[in-house]
Amino acid sequence: MSKLKRIGVLTSGGDSPGMNACIRAVVKAGIGKGVQVFGIEDGYKGMIEDRIRKLTYTDVNNIIHLGGTILGTARSEAFKTTAGRSEAVSNLKKHQIEGLILIGGDGTYAGGMALTKEFDIPVIGLPGTIDNDIHGTDFTIGYDTCLNTVVEAVDKIRDTASSHHRVFFVEVMGRASGYIALNSAIASGAESVLIPETLTEIDLLAKEIKNQNKGIRSSIIIVAEGDEEGGAKEIMEKVKPYLEGYDLRYSVLGHIQRGGSPSAFDRILATRMGVKAVDLLMEGKKSLMIGQIGKDLVFQNILEGTTGTVPTDDSGIELLKSLLTRG
C-alpha cells in the first residue's frame, strides 16, 4: 500500500447530480484509511487561488442527497498556462497534498494529465457529467438523474400538448452527444428525436409529424441542443412553412437538467467510484479513470477518456423508429 497521507478532491466542469455523493465517499473512505482529505474549491481556479481546506466527517455527513457540488466549480484560463499550473502545484505542496481525485469530464481529465506529466502528481479521474459522453464507462455520474428530470418534464408538457392538440419541440442538453435526447425520447414516448449524430432533414421531419398526427392529439419532438439544424426554436421555425394549420410550440428545459437530488442509481454509482478512487491512490496507481461497464467497475488510462466523442447506440434509434410506424 502507498504511504499517502494527504489527498485532494475537486469537482470541475459542469455540475452534475451525484458529485456530492462522490465527495462524501472519497472523504469517508479516506478517513477510514487514515488519510486526510482536502477539498479544493471551484476546481483548478481554487487550486491556483489556494482555496483548499481539510474536509472532516462532519463536513460531508449529510450531503449525499444534495445536487450540485459543495466544492463549487469554475473555469480557469490561468490553469491553461504553465505559470498557472506551477502556482497550483505550489499550493498543493504547501498543504502536503500527494495525490488528487478529479470529478468531472474530459476537460477536467486534461488538466489532471498536465499535472501528472509536468509535476508527477498522481491523479484518478471520476466521470461526473450529465452528458454520458466519456469513453470507458456505460454511465457517468449525474446522467441517470438528468434523464429522469427530462422525462418528468416531458410528461408534463405532453399533458398540455394533448389538451391543445399541439406539436411541441422540447430542447434538451447535449452539444456533441445525443444520449440525453435519445433515451429521454424513448422513455417519454416522444414521436421523434433529433441528435447531433444523425442528419436532420426538415422536409422529412415535417412529413413524419403529419403522419404522427393522424388520429392522435399531439406530438413531442425531442431536440438535442447540438443538432446541426439548431435548437428547438430554430427547428420549429424551419418546419413551420411545411405545417400550415398546426399549432407549434417549443420549450427549452435548460439548466433544470443539471439540478435536483441525485437518483438512487447515481448515489450508488458515485459512492462506489469514490471509494475505489481512494483505494487506487493508496495502491500507488495514477493517471487512471474509473468507469462502470455492466455491473463492474473498470479502469483505463485517463487520457482515453478525453479522446473523441462517444457514439450513441444505433439500436436505440431503431427502437424509437419501430414504434412510430402508423397504418
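**Entry 1: Thr 129**

I take contact to mean heavy atoms within 4.5 Å. I note also that the model I am reading is predicted. With that cut-off I looked up Thr 129 and set aside its neighbours within four places in sequence; Thr 129 is then in contact with Ser 16, Ile 134, Thr 140, Ile 141 and Tyr 143. I located Thr 129 in the loop that runs between strand 5 (123-127) and helix 5 (143-163). Its relative accessibility is 11%, and I therefore record Thr 129 as buried, the limit for that class being under 20%.

**Entry 2: Ala 88**

I next turned to Ala 88, which I found in helix 3 (residues 82-94). Ala 88 has a relative accessible area of 0% and is buried. Not counting residues up to four places away in sequence, I list Met 47, Ile 48 and Phe 79 as the residues that Ala 88 touches. I also looked up its separation from Val 239: the two C-alpha atoms are 50 Å apart, and these positions lie 151 residues apart along the chain, counted as their distance in sequence.

**Entry 3: Cysteines**

How many disulfides does a search of the whole structure find? I recorded zero. Cys 22 is in no disulfide, and the nearest cysteine sulfur, that of Cys 146, is 18 Å away. I asked why Cys 146 does not form a bond with Cys 22. The answer is distance: the sulfur of Cys 146 is 18 Å from that of Cys 22, its closest cysteine sulfur, and this is too far for a bond, because a disulfide requires the sulfur atoms to be within 2.5 Å. As to accessibility, I entered Cys 22 as buried at 0%, and Cys 146 as buried with a relative accessible area of 0%.

**Entry 4: Positive phi values**

I noted Asp 42, a residue other than glycine, with a positive phi near 55 degrees. Asp 42 is placed in the loop between strand 2 (36-40) and helix 2 (43-48), and its relative accessible area of 21% makes it partly exposed.

I noted Ser 287 as well: it is not a glycine, yet its phi is positive, at about 60 degrees. Ser 287 sits in the loop between helix 9 (264-282) and strand 10 (288-293). With a relative accessible area of 10%, Ser 287 is buried.

**Entry 5: Helix 10**

In helix 10 (residues 314-322) I found Gly 316, Ile 317 and Leu 320 to be buried. Viewed down the axis of helix 10, its buried residues fall within an arc of 100 degrees, so they line one face of the helix. I recall the general rule: an α-helix has 3.6 residues a turn, so residues three or four places apart point the same way. What do the buried residues of helix 10 pack against? I recorded helix 6 (179-188) and strand 7 (192-194). Asp 314 and Lys 321, on the other side of helix 10, are exposed.

**Entry 6: The largest pocket**

Finally I examined the largest pocket, for which I entered a volume of about 940 Å³. Its lining comprises 37 residues, and those nearest the centre are Gly 13, Gly 14, Arg 75, Asp 106 and Gly 107. Which helix gives the most to the lining of this pocket? I recorded helix 4 (residues 106-119), which contributes six residues. By class, I listed 17 polar, ten nonpolar and ten charged residues in the lining.

Methods:
Residues numbered from 1 in each chain as written. Predicted model: local features only at pLDDT ≥ 70, side-chain atom pairs only at ≥ 80, totals over all residues. Heavy atoms only, no water. 1 Å grid on protein atoms, 1.4 Å probe; cavity = no way out; pocket = protein on both sides within 12 Å on 5 of 7 lines; lining within 4 Å. Points joined across faces, edges and corners; volume = space filled by probe spheres on them. Helix = DSSP H or I, 4+ residues; strand = E, 2+ residues; numbered from the N terminus. Nonpolar A, V, L, I, M, F, W, Y, C, P; charged D, E, K, R; others polar. Buried < 20%, exposed > 50% of the residue type's maximum accessible area, 1.4 Å probe, protein only. Arc of directions from axis to C-beta.
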